[in-house]
Structures are given as structure tokens and as C-alpha cells.
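Hi everyone, thanks for making time. Let me put the structure up, and then we can walk through it together.

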Amino acid sequence: MGGTILVICVLLLIVVGAVISSAKHFKGEGGCCGGGGSVKIKGDKIKDVVAVKTIAIDGMHCGNCSSRVQNALNGLGQVNAKVDLNKKQAVVKLGREISDEELKQCIERAGYTVQSIK
């Protein structure tokens, strides 16, 4: 009887831990979404905008995901990107010609999937 109670207590602790971990993940505080990252790369100030592209992105679940995508894009030269997590998209102002393929590869290296570039 005492062993059964011990097993139930251990299982209960595991379930509670899993629920807390999942809640942190969906709030953007979990480790798999890069929780705790607060460094932001600002996009370049672009005087002469060559193009504005809207990129639909799949796989972003939290603020850390959108920050990771925005930082990756803003790490490219002559780019000013703003990522909207709710719309699952990035609006990218370009100060130089950049191919859609280069933008796509940048986002995919960050761990996300490009659905379209317009």
C-alpha cells in the first residue's frame, strides 16, 4: 500500500512538471523557443527603399520565435524587418536587391518555414 502511494506521488510530480514546462513553452519562456533571449538586432535605417516584401512564415509559436526570425533578417545588410507573430509574417524593407531565395534561406537557417514571399 505504501509503495502504491509513493508511485502515485512520483507520477503526479511528473505530470505537474510537464504541465508547467508546456505552459512556459507557449508563453515563450521555454528552452526550445529560446526563452530568455532579449538581444534584438535593429534593422538598418534605409533611405532609399528598393523593395518591400511580405513573407508568410510557418513554425513561429511565441515572441521568442518571432524575435529569432526578425533578428536573422535584420542581420542581413540593408534590411529592416518587422515580424508579426499573430499574422505569421514578416514585412521586410530592402535597401538593396536581395533575392527571394536568400531571404528564404535566412529564415530557414533560423529554423522556420517560408510559405510565400510577395
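Leu 6, Val 7, Val 10, Leu 11 and Ile 14 make a nonpolar surface patch that adds up to about 470 Å² of accessible area. Patch members have over 30% relative accessible area and no salt bridge, with like charges joined within 9 Å and nonpolar side chains (Val, Leu, Ile, Met, Phe, Trp, Tyr) within 5 Å. Areas are Shrake-Rupley with a 1.4 Å probe, and for residues only the protein chains shown count as cover; a salt bridge is a Lys or Arg side-chain nitrogen within 4 Å of an Asp or Glu carboxyl oxygen.

A word on the source: this is a predicted model, where local features need pLDDT of at least 70 and side-chain atom pairs pLDDT 80 or more, while totals for chains, interfaces and linings use all residues. Numbering runs from 1 along each chain as its sequence is written, and side-chain values use heavy atoms, without hydrogens or water.

Val 10 sits in helix 1, residues 2-26 (helices are DSSP runs of H or I, at least four residues; strands are E, at least two; both numbered from the N terminus).

Now the sheet: four strands, open, antiparallel, ordered 2-3-1-4 (pairing takes at least two DSSP bridges). Strand 2 (79-84) and strand 4 (113-117) each have a single partner strand, so one side of each lacks a neighbour in the sheet. Strand 4 pairs with strand 1 (residues 51-58) over four bridges, and Val 114 in strand 4 is the bridge partner of Ile 57.
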